Amino acid sequence: MAFRTVVVTKHCKINFKMNLVILTTNEDTFQIPIADVDVLLIETTQAYISAYVIMELLKQNVKIIFSDNHGLPIGEINAYGGNSSRNSNIKAQTNWGSTSKNGLWQQVMINKITNQSRLLAEFEKDNQGLLKLVGEVEIGDQTNREAVAARMYFSRLFGDGFVRRADDEINAKLNYGYQILLAAVAREIRANGLLTEIGIHHDNAKNEYNLASDLMEPFRPLVDRVVKLHETEEFDLEMKLALVDVLNMSVRVNGHEAIVTSAISEICRQAFDYLNGVSELPSWQVEV
């Protein structure tokens, strides 16, 4: 299984030879087995990548993400193929029932708010309100406990003056980390031969990643923890690398330890089995 997230941060030529991705800078040359690469994140506009290496990476279902001149993820390349049952899987996806989707969304929200509560406790913040909300999440989260939890959570984690959508460094760090998570979940969805556009709760016509936005929710506090730990530090290369490294962190999922990318694979598989009527509603226990 591929496990490396390769980040290119400076002038570099990226080529391919003998199953190796070869990165050549002015100072050094790095050779990485293509089978090890999960994500290639190109953080600079001064990187040069050959069409040949792009083709080989896509054959291996490697996600290639490009950042803009401010270092923020702006787009990605994904393979067309990767799953021989894609047509039948998409047909099944369009027939997922509202009862199943709402039941799964309830589990997603319970898991997310539980993890937010854990993180507040970790930083010795008041988490009692969130603990109460966990028991109030209804099927489909009809009373929007997610939004209530968010208002409590962010102000307690980052202070009363914090506004989630403000244009500041904390939000820039959060947005960057969430984009990395979103990309990892989207990759897993495509590997399962499904469309990222069709979600179970998110339903924005302009959002190409509705399903990934749904399934990444329990993992968001991983990013929040890193940002909180580096709250006063600049949003520089070191900070970005720390956020990218979230994918390599260890979490507990369904009672066992796994790195984040493996945990994402497991919860996606459980979700799709349930939505397709293969298994019972999963009671996720993703502990971040």
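Reader: Which hand does the crossing of H3 and H10 have?

Author: The crossing of H3 and H10 is right-handed, a word used if the near helix is turned clockwise from the far one by less than a right angle, whereas anticlockwise would be left-handed. This is a predicted model, in which local features need pLDDT of at least 70, side-chain atom pairs count only at pLDDT 80 or more, and totals for chains, interfaces and linings use all residues. Residues are numbered from 1 along each chain as its sequence is written, and side-chain values use heavy atoms, with hydrogens and water left out.

Reader: Why are H3 and H10 called roughly antiparallel?

Author: The axes of H3 (residues 98-122) and H10 (residues 260-275) cross at roughly 150°, and angles over 145 degrees count as roughly antiparallel, so H3 and H10 are described in that way.

Reader: Which residues make the contact between H3 and H10?

Author: With contact meaning heavy atoms within 4.5 Å, H3 contributes Thr99, Ser100, Lys101, Gly103 and Leu104, while H10 contributes Ala271, Tyr274 and Leu275.

Reader: What makes E1 and E8 edge strands in the open sheet?

Author: The sheet has the order E1-E5-E7-E8, with mixed pairing, where two strands pair if DSSP finds at least two bridges between them. Strand E1 (4-8) and strand E8 (73-77) each have a single partner strand, so one side of each is left without a neighbour in the sheet.

Reader: How do you know that E1 pairs with E5?

Author: Five bridges join E1 to E5 (residues 37-42), and the two run parallel; since pairing asks for at least two bridges, E1 and E5 qualify. In E5, Ile42 is the bridge partner of Val8.

How values were computed. Axes are lines fitted to C-alpha atoms, for helices over the stretch in contact, and angles run from 0 to 180 degrees between N-to-C directions. Helices (H or I, at least four residues) and strands (E, at least two) are DSSP runs, numbered from the N terminus. Angles under 35 degrees count as roughly parallel, over 145 as roughly antiparallel, 65 to 115 as roughly perpendicular and the rest as oblique.
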